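Work through the exercises below with the sequence and the coordinates open. Each task is followed by a solution in steps.

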Amino acid sequence: MPKQKRLSEIIDLEVYPFDVMVSFNESDKKFVKRLKRYGEDGQDLEMEGLRSASSKRGYAVMLPSNVTILRLNFYPRTPNDFGMLAHEIFHVCEFIMERIGAKVNKETSEPFAYLLQYVTEKVYDLIES
């Protein structure tokens, strides 16, 4: 049986003081261990009720510490998978824009679109590598 693909990386947003932790098809144990290395204790995930990816296909959340998580319990391969990934990337960008005080609206749509493009490109680069 071939080894299941996994992805666990951090994307530096460069122009914003935030990072995005990307986790695809990663066990809760490994994910929480990585969170601890990053300086998180995993309790925020417990409070959010999001520790187990097995109960959901995916989610995005911004923790109170400004760490944004993009997590899927699978490695994207199909059009449906990539649709769900796009959905979660949208939420990542939405959380970041709101945290900097720019709720998504007509006046902020262009900066939002650039952030969405940047995060999507970074995630797709990780998938291709």
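The exercises start with the overall layout and then turn to single residues, a helix face, ring pairs and cores; the model is a predicted one.

**Exercise 1. Layout of the chain**

Determine how many helices and strands the chain has, and in which order the elements run.

Solution.
- Step 1. The chain contains four helices and four strands.
- Step 2. Read from the N terminus, the order is β-β-α-α-β-β-α-α.
- Step 3. Of the 129 residues in the chain, 40% are buried.
- Step 4. Among contacts with a separation of 6 or more, 51% join residues 24 or more positions apart.
- Step 5. The accessible surface is about 7,500 Å², and carbon and sulfur atoms hold 52% of that surface.

**Exercise 2. The two sides of α1**

Find which residues of helix α1 are buried and which exposed residues lie on the face turned away from them.

Solution.
- Step 1. Helix α1 covers residues 28–37, and its buried residues are Phe31, Val32, Arg34 and Leu35.
- Step 2. Viewed down the axis of α1, these buried residues fall within an arc of 160°, so they line one face of the helix.
- Step 3. The face turned away from the buried side carries Lys29, Lys30, Lys33, Lys36 and Arg37, which are exposed.
- Step 4. After α1 comes Gly39, with a positive phi near 105°.

**Exercise 3. Positive phi outside glycine**

Glu14 and Asn25 are not glycines, yet each has a positive phi. State for each one where it lies, and whether it is buried or exposed.

Solution.
- Step 1. Glu14, with a phi of about 60°, is in the loop between β1 and β2.
- Step 2. The relative accessible area of Glu14 is 58%, over the 50% cut-off, so Glu14 is exposed.
- Step 3. Asn25, with a phi of about 55°, is in the loop between β2 and α1.
- Step 4. The relative accessible area of Asn25 is 17%, under the 20% cut-off, so Asn25 is buried.

**Exercise 4. Surroundings of two buried polar residues**

List the contacts of Ser23 and Asp81, leaving out residues up to four places away in sequence.

Solution.
- Step 1. Ser23 belongs to strand β2, residues 19–24, and counts as buried because its relative accessibility is 0%.
- Step 2. Ser23 touches Leu7, Phe31, Arg34, Leu70, Arg71 and Leu72.
- Step 3. Two of these contacts are themselves paired: the charged end of Arg71 sits over the ring of Phe31, 4.1 Å from the ring centre.
- Step 4. Asp81 is part of helix α3, residues 79–99, and counts as buried because its relative accessibility is 10%.
- Step 5. Asp81 is in contact with Arg57, Phe74, Tyr75 and Pro76.
- Step 6. Here too a charge meets a ring: the charged end of Arg57 sits over Phe74, 4.2 Å from the centre of its ring.

**Exercise 5. Aromatic pairs between α3 and α4**

The structure holds three aromatic pairs. Classify the pairs Phe82 with Tyr124 and Phe90 with Phe112.

Solution.
- Step 1. The ring centres of Phe82 and Tyr124 are 5.7 Å apart and the planes stand at 70°, so this pair is edge-to-face.
- Step 2. Phe82 is in helix α3 and Tyr124 in helix α4 (residues 109–128), 42 residues apart.
- Step 3. Phe82 is partly exposed at 24% relative accessibility, and Tyr124 is partly exposed at 34%.
- Step 4. For Phe90 and Phe112 the centres are 5.3 Å apart and the planes at 65°, so this pair is edge-to-face.
- Step 5. Phe90 lies in α3 and Phe112 in α4, so the pair ties together parts 22 residues apart in sequence.
- Step 6. Phe90 is partly exposed at 34% relative accessibility, whereas Phe112 is buried at 7%.

**Exercise 6. Nonpolar cores**

Identify the residues with the most contacts inside the largest nonpolar core, and the elements that each supply at least two of its residues.

Solution.
- Step 1. The largest core has 26 residues, and Val22, Phe24, Leu70 and Val123 have the most contacts inside it.
- Step 2. At least two residues of this core come from each of β1 (7–12), β2, β3 (58–62), β4 (68–72), α3 and α4.
- Step 3. Apart from this core lies another, of eight residues, among them Met21, Leu35, Tyr59 and Val61.
- Step 4. Leaving out residues up to four places away in sequence, Val123 touches Ile11, Val22, Phe24, Leu70, Leu85 and Ile89.

Technical notes: Residues numbered from 1 in each chain as written. Predicted model: local features only at pLDDT ≥ 70, side-chain atom pairs only at ≥ 80, totals over all residues. Heavy atoms only, no water. Buried < 20%, exposed > 50% of the residue type's maximum accessible area, 1.4 Å probe, protein only. Contact = heavy atoms within 4.5 Å. Arc of directions from axis to C-beta. Phe/Tyr/Trp six-rings, centres within 6.5 Å; stacked < 30°, edge-to-face > 60°. Lys NZ or Arg CZ within 6 Å of the ring centre and 35° of its normal. Core = buried A, V, L, I, M, F, W, Y, C linked by side-chain atoms within 4.5 Å. Areas by Shrake-Rupley, 256 points an atom, 1.4 Å probe, with all protein chains shown as cover.
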